[in-house]
Amino acid sequence: MKYNFLGNTGLVVSELCFGTMTFGGKGYWEAIGKIQQQGVNDLVKMAVGSGINFIDTANVYSYGESEKLLGQSIKDLAINRHDLVIATKVRGRMSEGLNNVGLSRYHIFQSVDESLQRLQMDHIDMLYVHGVDPKTPVEEIVRSLNDIVLTGKVRYIAVCNWPAWMVMKAIGIAKQHGWNQFAGMQYYYSLAGRDIEREILPLALDQNLAVMPWSPLAGGFLSGKYTRNNEKAGDSRRDSFDFPPVNKEKAYDIIDVLAEIGKQHNVSVAEIALAWVRQQKGITSTIIGAKNTDQLQANIKSTEVQLTEDDLKKIDEVSALRKEYPGWMVERQSADREIKS
Ligand SMILES: NC(=O)c1ccc[n+]([C@@H]2O[C@H](COP(=O)([O-])OP(=O)(O)OC[C@H]3O[C@@H](n4cnc5c(N)ncnc54)[C@H](OP(=O)(O)O)[C@@H]3O)[C@@H](O)[C@H]2O)c1
């Protein structure tokens with residue numbers, strides 16, 4: 001396992017982060033995973049044993065069950081809390097209560113207290129806003145995030161799933177007031193969904209923000225078990241829903257190329273797909289998910305795969321984004337600022 005500094009901070013995290021969305025199995029999350037305490041302990045033990053020090057959960061995963069199971073596993077396994085970087089999130093609806101949702105100051109403060117209780121911890125290392133709240137002004141969100149850090153209950157703040165302009169607006173507000181700023185960003189990024197290359201990755205590189213890709217296997221689609229002739233894998237999350245949404249025809253073409261490269265490296269399609277995300281510029285820690293220890297072991301092993309220039313070129317040819325405006329105009333106009341030798 002290798003380690004990286006997290007963006008513009010002195011914090012060190014493993015190049016893989018362990019995602020816990022498969023823990024619990026309540027409500028919407030039932031189809032994603034129903035892992036209970038013993039299974040959770042086995043997975044956390046394997047992740048931490050492999051050198052992973054970064055673990056990702058959310059208040060909303062299985063309505064708090066994921067946080068509870070994770071916190072208990074750290075106790076059960078007697079893992080030193082200070083050897084871990086624990087990330088959780090706020091935004092999702094936690095009950096029918098009028099204010100038990102969103103990014104108001106009210107909900108951010110309430111949510112952090114409840115997460116800490118479920119995790120059995122006295123601080124959260126990284127608190128992400130889990131998405132956009134169109135009703136709370138960005139100024140209120142940024143100020144509340146600054147203030148929650150000042151309470152000592154949260155060490156770093158970060159953002160998921162916001163459009164680039166809104167992230168930059170929040171950074172501008174924080175800078176103007178000397179408030180705590182986002183240290184990193186968590187976005188969907190896989191070979192079947194390279195959209196963040198348009199605006200989000202350039203923003204991250206410009207502002208030196210850490211990038212933590214989620215669903216690097218497109219929710220399992222890029223694991224190798226789905227093919228044109230086998231669209232159901234049995235007891236798998238994507239059998240019942242298409243999230244993140246995938247353009248299947250294009251994804252099958254990508255899987256064909258990954259399978260060919262996998263054969264040359266003697267590893268699975270999943271390992272090649274994960275190695276690709278890990279090797280992209282600006283990526284800090286790829287958030288892997290697993291429903292059992294076999295999957296987790298395979299995904300951890302992907303860190304041993306080093307794709308060659310030739311592999312990367314072949315993968316890019318089949319998966320690159322269609323050029324969109326203003327990207328193609330930026331590319332054209334940048335060309336005449338190159339110094340010709
Ligand atoms: N911020 C956000 O909005 C957001 C959104 C989503 C996720 N996340 C975070 O990102 C983490 C990872 O997301 P994800 O679980 O969607 O990641 P993923 O790697 O795209 O999908 C993981 C799923 O793929 C299947 N799988 C994984 N490894 C496999 C292998 N080696 N062979 C065969 N199948 C395999 C398993 O599901 P099946 O066995 O059911 O096929 C597993 O649960 C989550 O736990 C969460 O922490 C964040």
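1. Which element gives the most to the shell around the ligand? That would be helix H9, with three residues. Keep in mind while reading on that this is a predicted model.

2. Staying with the ligand: 31 residues surround it, and the closest are Gly 19, Met 21, Gly 220, Ser 236 and Gly 289. Sorted by class, the shell comes out as 15 polar, twelve nonpolar and four charged residues. Helix H9 (293–301) and strand S10 each supply at least two residues of that shell.

3. S10 also takes us to the sheet. Eight strands make up an open sheet with parallel pairing, and the order reads S9-S8-S7-S6-S5-S4-S3-S10. S9 (210–214) and S10 (286–288) are the edge strands; each has a single partner strand, so one side of each is left without a neighbour in the sheet. On average, neighbouring strands here are turned by 30 degrees against each other, direction ignored.

4. Now for one pair inside that order. Strand S6 (residues 124–129) and strand S7 (residues 154–160) run parallel and are joined by five bridges. If you want a spot to look at in the viewer, try Tyr 128, which stands opposite Ala 158 in S7.

5. Then there's the helix on top of this pair's neighbourhood: H3 (residues 105–119) packs on the sheet and touches S6, S7 and strand S5 (85–90). The direction of H3 makes about 135 degrees with that of S5.

6. One thing I'd keep in view is S10, an edge strand of the sheet that also supplies at least two residues of the shell around the ligand.

Conventions
Residues are numbered from 1 along each chain as its sequence is written. This is a predicted model: local features need pLDDT of at least 70, side-chain atom pairs count only at pLDDT 80 or more; totals for chains, interfaces and linings use all residues. Two strands pair if DSSP finds at least two bridges between them. Helices (H or I, at least four residues) and strands (E, at least two) are DSSP runs, numbered from the N terminus. Axes are lines fitted to C-alpha atoms, for helices over the stretch in contact, and angles run from 0 to 180 degrees between N-to-C directions. Two residues are in contact if their C-beta atoms, placed from the backbone, lie within 7 Å. A residue is near a molecule or strand if its C-beta atom, placed from the backbone, lies within 6 Å of it. Ala, Val, Leu, Ile, Met, Phe, Trp, Tyr, Cys and Pro count as nonpolar, Asp, Glu, Lys and Arg as charged, and the others, Gly among them, as polar.
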